[in-house]
Amino acid sequence: MSEILTKGWAAYDEAANFKPITFKRAALKDDEILLKTLYCGICHSDIHAARNEWGVTKYPIVPGHEIVGEVVQVGKNVKEFEIGNKAGIGCLINSCGECEACLNSNEQFCSKGAVWTYNSVDYFNDNEITKGGYSNYIKVHKDFAINIPENAPLELIAPLFCAGITTYSPLKFSKVSKGMDVAIAGFGGLGVMAFKYAKAMGANVSVIARNDTKKQIALELGASNYYNDINNVDKRFDVIISTIPSKYDVLAYARVLKYGGEMAIVGLPPIDEKVSISLNALIRVSHKKIYGSLIGGIKETKEMLEFSLKHEIYPEVKIISAEDINKAYDDLLNNSSSFRYVIKFDE
Ligand SMILES: [Zn+2]
Ligand SMILES: [Zn+2]
């Protein structure tokens with residue numbers, strides 16, 4: 001087996017101006033599969049990473065962790081995939097497999113450190129820095145690839161491997177079920193996904209936004225209530241999923257939880273996005289829980305895909321070619337959109 005020559009698109013510094021790159025991936029291991037990339041979604045995390053907004057970027061960086069590809073090579077221990085199958089890759093490509101988190105299918109919290117799909121040290125492959133799905137070939141440990149059934153809408157599925165699992169996981173963690181009152185705070189791409197899942201789980205779902213621009217979409221999707229200001233909320237919720245990407249008064253949202261209610265915060269903002277809260281005010285919103293939620297494990301990602309296919313829950317997507325990554329970044333930085341850009345790879 002030899003090294004895998006790969007062509008992709010990289011950012012070379014904080015200006016995040018993407019240019020072509022050619023690089024080599026380590027040769028395929030016995031437990032790995034190689035995918036030829038067909039589609040890769042552009043996640044807001046890609047933008048944060050490309051611009052070094054988490055403070056940990058190693059350049060050149062090739063982002064992309066919403067990947068759908070075709071299996072073109074399999075290691076000799078791989079029974080789960082055959083050449084020609086379609087498979088997905090999300091934020092993780094490997095982990096230690098032995099720690100408590102890994103044994104509980106929460107590989108994203110691996111105590112040795114998960115191997116993230118990009119900008120991560122791959123300790124299974126000579127510590128090479130991982131490069132993501134803005135490239136024509138990518139390899140993954142077989143247990144971290146998600147089987148995609150024949151005839152699934154590939155371009156719509158790609159974003160599910162990050163945006164889907166990020167919103168599905170906290171709804172499951174908070175045990176959302178039929179008849180519960182759920183609010184989605186922030187109604188961009190992630191908010192819309194959280195909304196659709198909560199609705200399919202049988203909840204009464206409301207939207208809390210900061211103006212009326214998304215009101216029509218929310219009502220068309222069947223929102224029970226739409227609020228354009230947290231201060232106008234006259235209802236109490238069992239669960240709130242907050243997808244708000246910038247600084248806000250967290251406790252104002254916790255206040256509209258029911259007794260024992262739970263608020264999950266998703267989406268990973270820049271490292272310097274800090275909130276300070278008054279402990280006095282926190283105690284006054286007693287017996288409500290606020291927690292962060294980072295993607296989900298592989299088992300849950302498979303469950304999420306099945307649920308999405310069954311209920312036909314997909315993001316709205318705009319397909320672009322890799323040459324248009326820079327244009328898409330400009331657009332995402334200047335506008336709040338509820339669709340997902342998805343890069344289509346031809347060759
Ligand atoms: Zn992402
Ligand atoms: Zn582990």
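**Zinc site, domains and salt bridges in a predicted model**

Let me begin with two residues, His-65 and Cys-162, which are both buried, where buried means under 20% relative accessible area, exposed over 50% and partly exposed in between, with a 1.4 Å probe and protein chains only. I should say at once that this is a predicted model, in which local features need pLDDT of at least 70 and side-chain atom pairs count only at pLDDT 80 or more, while totals for chains, interfaces and linings use all residues. Residues are numbered from 1 along each chain as its sequence is written, chains are lettered from A and ligands numbered from 1 in the order in which they are written, and side-chain values use heavy atoms, with hydrogens and water left out.

Which residues hold the zinc ion, ligand 1, as protein donors? They are Cys-43 through SG, His-65 through NE2 and Cys-162 through SG, lying 2.0 to 2.1 Å from the ion; donors here are N, O and S atoms within 2.8 Å of the metal (3.2 Å for Na, K and Ca), and since water is not among the atoms, sites may look incomplete. His-65 sits in the loop between α1 (44-50) and β4 (67-74), and Cys-162 in the loop between α3 (154-157) and α4 (163-173), so this pair ties together parts that are 97 residues apart in sequence. Helices (H or I, at least four residues) and strands (E, at least two) are DSSP runs, numbered from the N terminus.

Turning to the domains, the chain is divided into domain 1 (4-162 + 296-301 + 313-344) and domain 2 (164-292), with bounds from an automatic or database domain assignment. Between them they bury about 1,500 Å², 58% of it on carbon and sulfur atoms, where buried area is the accessible area (1.4 Å probe) that two parts lose on being put together, summed over both. In domain 1, Trp-54, Glu-300 and Ile-313 lose the most area to domain 2, together 36% of what that side buries.

How many salt bridges join domain 1 and domain 2? The count is zero, a salt bridge being a side-chain nitrogen of Lys or Arg within 4 Å of a carboxyl oxygen of Asp or Glu, although a search of the whole structure finds 14. One of these pairs Glu-32 with Lys-139 at 2.6 Å, N to O; Glu-32 lies in strand β3 (residues 32-41) and Lys-139 in strand β10 (residues 137-141), so they tie together parts 107 residues apart in sequence. Glu-32 is buried, with a relative accessible area of 5%, and Lys-139 is also buried, with a relative accessible area of 5%.
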